[in-house]
Amino acid sequence: MKSAEIGARRCEPTAGANHIQAVRLARIHSAVWRRFPASFLYRHATQDTSRALDPITHGLLAATAAQALIGRRLGYRAALFGGVAGLLPDLDVLIGSPADPLLAIEYHRQFTHALAFIPVGGTISALPWLLRERNRAQWKPLVAATTVGYATHGLLDACTTYGTQLFWPFSSYRAAFNWISIIDPVFTLALLVGVVFGLRKRTVRPPAIALTFCAAYLGIGAVQEQRALDVQRRIAEMRGHEISRGAVFPTLGNQIVWRSLYRSGDTLYANRIRVPWLGEPTWSQGNAVAALRVDEPLPEAGRYPRVQLDFERFRWFSDGWIARAPKEPEVIGDVRYSLRSDAFDPVWGVRFRPGAPVPTEWVDRSANRELALAALWAEILGRR
């Protein structure tokens, strides 16, 4: 990587029964982790465009939060109730229509992930458990556990890059804080340790510590994002570019290496920025691609208003980061995600066929995404 220099400057740097059940649940968590190791989670997350975070992390965060807050009243069941509830918001992936390929991306992370829907989602999540008479006697803490677990899902998703409609139905704004990657082993492992130790020791202290650690970790991600943005500004200044819009996105599994994206004039510039927790930032040359103009009708639309409407929907989904794929100009891609770092090769996008019964095609190449984990690890360590 090159040093991020500007001129001569460098970037600155109950007892028995509960115990048995707790042990069983802890073993389940451990078995799940063994069956779905980190390498699988990386592959799963990058090949499934309908998700932004793996279900293991969502379930663990929900279980940890419910255990920490409601564990004194429900014991191990707080983690169980909360963990299951934390998975339910992603049932929105079942929404789709062959006649409208963009319906899925429009509704994923919409109402099921919204802050206003949390009480409804938490209550719905509790209903199956309330069919048992034993649980009905403690319905209030049960509903509290499922509501806490459900609430964690949308909030964590908003910390990634994909975009989450937290403020539906009052706003269609897609919150994307860019503080954490879709998979982060440090974050997930901390949750796993907190849940397992809390269940084994029958105390809420370990999950509470894990939650505190994860909140601090997200805070570090916010700081790292700002540091990466500072490097981005220095890169643009060195090139003589005026940034009209800029953003940085964490790369898979870490808070060290970031993908920088900014617009200057009618061009989008992408670079890799390494921001170690301690030490000076560095950067490497990326690529540039012509930005797609949105202040005039799409040429493909012609006399087909459905095409123009679908283009606007995709532009909203990708937060305006759109460009034509250099090798396939008919494909309009989401520039936030690329199969390559040296050129723009969209992970997903749209292709329009005006006049066809279904004029919009969703192009999904996430299965072609190769994970060069060794190269990424070397980049994190500053060896390339």
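In this predicted model, L115, L155, F167 and Y173 make a nonpolar surface patch of about 380 Å². L115 sits in the loop that runs between α5 (103–107) and α6 (118–126). The relative accessible area of L115 is 37%, so this residue is classed as partly exposed. That value also passes the requirement for patch membership, because patches are made of residues with over 30% relative accessible area and no salt bridge.

The patch belongs to a protein chain of 384 residues, 51% of which are buried. Twelve helices and eleven strands are assigned in the chain. The chain exposes about 17,800 Å², and carbon and sulfur atoms supply 60% of that area.

Nonpolar side chains in soluble globular proteins tend to be buried together. In this model, the largest nonpolar core has 19 residues, and L60, I180, F187 and L191 touch the most other members. Two or more residues of this core come from each of α3 (55–74), α4 (76–85), α9 (185–201) and α10 (205–239). The largest contribution is that of α9, which gives seven residues.

The charged side chains are considered next. Side chains of opposite charge can pair when their charged atoms come close. The structure holds 20 salt bridges; the table gives three of them.

| Positive residue | Negative residue | Closest N to O distance |
|---|---|---|
| R234 | D230 | 3.0 Å |
| R245 | D319 | 2.9 Å |
| R351 | E328 | 3.1 Å |

The pair of R234 and D230 lies within helix α10, where the two residues are four positions apart and therefore separated by about one helical turn. R234 is buried at 19% relative accessible area, under the 20% limit for that class. Its partner D230 is partly exposed, at 28%.

The salt bridge between R245 and D319 links distant parts of the chain, the two residues being 74 residues apart. R245 belongs to strand β4 (residues 245–250), and D319 to the loop between α11 (305–317) and β8 (322–325). Both ends of this pair are partly exposed: R245 has a relative accessible area of 30%, and D319 has one of 42%.

In the third pair, R351 and E328 form a salt bridge between strands. R351 is in strand β10 (residues 348–352) and E328 in strand β9 (residues 328–334), so the contact ties together parts that are 23 residues apart in sequence. R351 counts as buried, at 13% relative accessibility, whereas E328 is partly exposed with a relative accessible area of 26%. These two residues also belong to a network in which salt bridges with shared partners join E328, E330, D345, R351, R353, E361 and R365.

R274 is a buried charged residue that has no salt bridge. Its location is strand β6 (residues 267–274). The nearest side chain of opposite charge is that of E379, at 7.8 Å. A salt bridge requires a side-chain nitrogen of Lys or Arg within 4 Å of a carboxyl oxygen of Asp or Glu, so the separation of 7.8 Å between R274 and the side chain of E379 does not qualify. The backbone of E379 does take part in a contact: the side chain of R274 reaches the backbone oxygen of E379 at 3.1 Å.

Notes:
Residues are numbered from 1 along each chain as its sequence is written. This is a predicted model: local features need pLDDT of at least 70, side-chain atom pairs count only at pLDDT 80 or more; totals for chains, interfaces and linings use all residues. Side-chain values use heavy atoms; hydrogens and water are left out. Buried means under 20% relative accessible area, exposed over 50%, partly exposed in between (1.4 Å probe, protein chains only). Lys and Arg count as positive and Asp and Glu as negative; His and the chain ends are not counted. A polar contact is a pair of N or O atoms within 3.5 Å; within protein, one must be able to donate a hydrogen and the other to accept it, and residues adjacent in sequence count only if both atoms are side-chain atoms. Patches are made of residues with over 30% relative accessible area and no salt bridge: like charges are joined within 9 Å, nonpolar side chains (Val, Leu, Ile, Met, Phe, Trp, Tyr) within 5 Å. Accessible areas come from the Shrake-Rupley method with a 1.4 Å probe; for residues, only the protein chains shown count as cover. A nonpolar core is a set of buried Ala, Val, Leu, Ile, Met, Phe, Trp, Tyr and Cys residues joined through side-chain atoms within 4.5 Å.
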